Amino acid sequence: MYDVIVVGAGYAGAVSARQLADKGKKVLILEKRNHIGGNAFDEPDEHEILIHTYGPHIFHTSSKEVYDFLGKFTEWRLYHHKVVGNVYGKFIPIPFNINSIRLVYNEYKANNLIEKLINEYGRETAIPILQLRANKDEDIRELAEYVYENIFVKYTGKQWGVAPEEIDEAVTARVPVILTEQDGYFTDDYQAMPRDGYTRLFERMLSHPNIEVRLNIDAKDCIKLEGGQIFFECIEFDGDVIYTGMIDELFERCFGALPYRSLRFEFEHYHKESYQPEAVVNYTVDEDFTRITEFKKMTGQQAAGTTIVKEYSLNFEPDTELIPYYAILNDENKALYEKYFNLASRYKNLYLLGRLAEYKYYNMDAITKKALELCERMV
């Protein structure tokens, strides 16, 4: 009855389903939640403000292929994302840049630092903060320490629940100092938001005669892996399975649970036009929450009042209502993942795709591209 079963209706699952359906495959999607769209799901709150239920999602990519593919299901609204950090009441552009330096230091010291940095690294260069801390110049090291202490270390500690030196370099490299006067969080060629929201984008993507979606279905209740064979509803399934959920859960955590970070959200509504200067403000020092998002500033929605969300980071605990968001990438956890990956490799028609199944970080554009590439190989 089905050529492919896809577990999960987020980006990885939905893009795969649509691409395979367009190529004539009959696809069944099993989704544990009561909605499609995964963590990109958005909906109006009780005040009719469009909110991102699982935290802010800002689309950006340098891939025209990805931009055009998703553009088939939405009209894009151009959006240049800016982030500032609230450092003891002062709003400083993040990533830390030339404008940030001028806000922190007096004119003479700022100009001296900027000249040194440009001479050594060149304009428009992004330098990881940990690299700057190792610089031989005392002034540059002083700047690096300021950024490290006030922008990076406490924020990272809240976000990951560990000391920064314990975090994989792929994560710390995402917090650079950029030698530019252009404020902006991303540098991709295409930066936009779906004009009608992410949920509507997914609805259009999955509207296809070859796609069936079943919500409120836990895949582990109907899919069994045994002896190199996959069984669906107690019958051997000889089609392909694309799995986008937690890989340790797929194998009943037989080697132990893979650690993840989770998030808790507190939504608040205010009867005023604006709450903060930018859509996202990172709280990099003493506050318990990591950031505040004001949705109207991302979506461009015109409405009375405004809704914000405060974001708290905490450890994921299996078999609770918590949702796994980020893999904790260190050598021990990577080794544990390899055990599950090797187990999954015994099933020739099982494909692992996405943050949870591959235990790695993906932006929305990257997982879209990965899904498109996987489908090409499968077909």
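Mentor: Helices and strands here are DSSP runs, numbered from the N terminus, a helix (H or I) having at least four residues and a strand (E) at least two. With that in hand, proline 95 can be placed in the loop between strand S8 (90-94) and strand S9 (96-97), and the peptide bond that leads from isoleucine 94 to proline 95 is cis, with omega near 0°. The model is a predicted one, in which local features need pLDDT of at least 70 and side-chain atom pairs count only at pLDDT 80 or more, while totals for chains, interfaces and linings use all residues. Residues are numbered from 1 along each chain as its sequence is written, and side-chain values use heavy atoms, with hydrogens and water left out.

Trainee: Why does threonine 180 count as buried?

Mentor: Buried means under 20% relative accessible area, exposed means over 50%, and partly exposed is the range in between, with a 1.4 Å probe and protein chains only. Threonine 180 has 8% relative accessibility, and therefore counts as buried, although its place is in the loop between strand S11 (176-178) and strand S12 (190-194).

Trainee: What is threonine 180 in contact with, leaving aside its neighbours within four places in sequence?

Mentor: Contact means heavy atoms within 4.5 Å, and with those neighbours left aside threonine 180 is in contact with Asn97, Ile98, Asn99 and Glu124. A polar atom of its side chain also lies 3.0 Å from the backbone nitrogen of glutamine 182. A polar contact is a pair of N or O atoms within 3.5 Å; within protein, one must be able to donate a hydrogen and the other to accept it, and residues adjacent in sequence count only if both atoms are side-chain atoms.

Trainee: Which residues touch the most other members of the largest nonpolar core?

Mentor: A nonpolar core is a set of buried Ala, Val, Leu, Ile, Met, Phe, Trp, Tyr and Cys residues joined through side-chain atoms within 4.5 Å. The largest such core has 117 residues, and Tyr11, Leu70, Ile101, Leu132, Ile223 and Leu350 touch the most other members. Helix H6 (residues 138-160) gives the largest share of this core, nine residues. There is also a second, separate core of seven residues, including Val84, Val281, Ile292 and Tyr312.

Trainee: What makes strands S13 and S23 the edges of the open sheet?

Mentor: Two strands pair if DSSP finds at least two bridges between them. The open sheet has five strands in the order S13-S2-S1-S17-S23, with parallel pairing. Strand S13 (211-214) and strand S23 (350-352) each have a single partner strand, so one side of each is left without a neighbour in the sheet.

Trainee: How do you know that strands S1 and S23 do not merely lie beside S17, but pair with it?

Mentor: Strand S1 (residues 4-7) pairs with S17 in the parallel sense over four bridges, and strand S17 (residues 240-243) pairs with S23, also in the parallel sense, over three bridges; both counts meet the requirement of at least two. Isoleucine 242 takes part on both sides, since valine 6 stands opposite isoleucine 242 in S17, and tyrosine 351 in S23 is the bridge partner of isoleucine 242.

Trainee: How many disulfides are there, and how do you know?

Mentor: A disulfide is a pair of cysteine sulfur atoms within 2.5 Å, and by this rule the count comes to zero. The sulfur of cysteine 222 has its closest cysteine sulfur in cysteine 234, 9.6 Å away, which is too far for a bond. For cysteine 254 the closest cysteine sulfur is that of cysteine 222, at 19 Å, again too far for a bond.

Trainee: Are cysteine 222 and cysteine 254 buried, partly exposed or exposed, and what makes them so?

Mentor: Cysteine 222 has a relative accessible area of 13% and is therefore buried, whereas cysteine 254, at 47% relative accessibility, counts as partly exposed.

Trainee: Why are glutamate 252 and aspartate 319 called exposed?

Mentor: Glutamate 252 has 70% relative accessibility, and so counts as exposed, and aspartate 319, with a relative accessible area of 69%, is exposed as well. Glutamate 252 has a positive phi of about 55° although it is not a glycine, and aspartate 319, not a glycine either, has a positive phi of about 60°.
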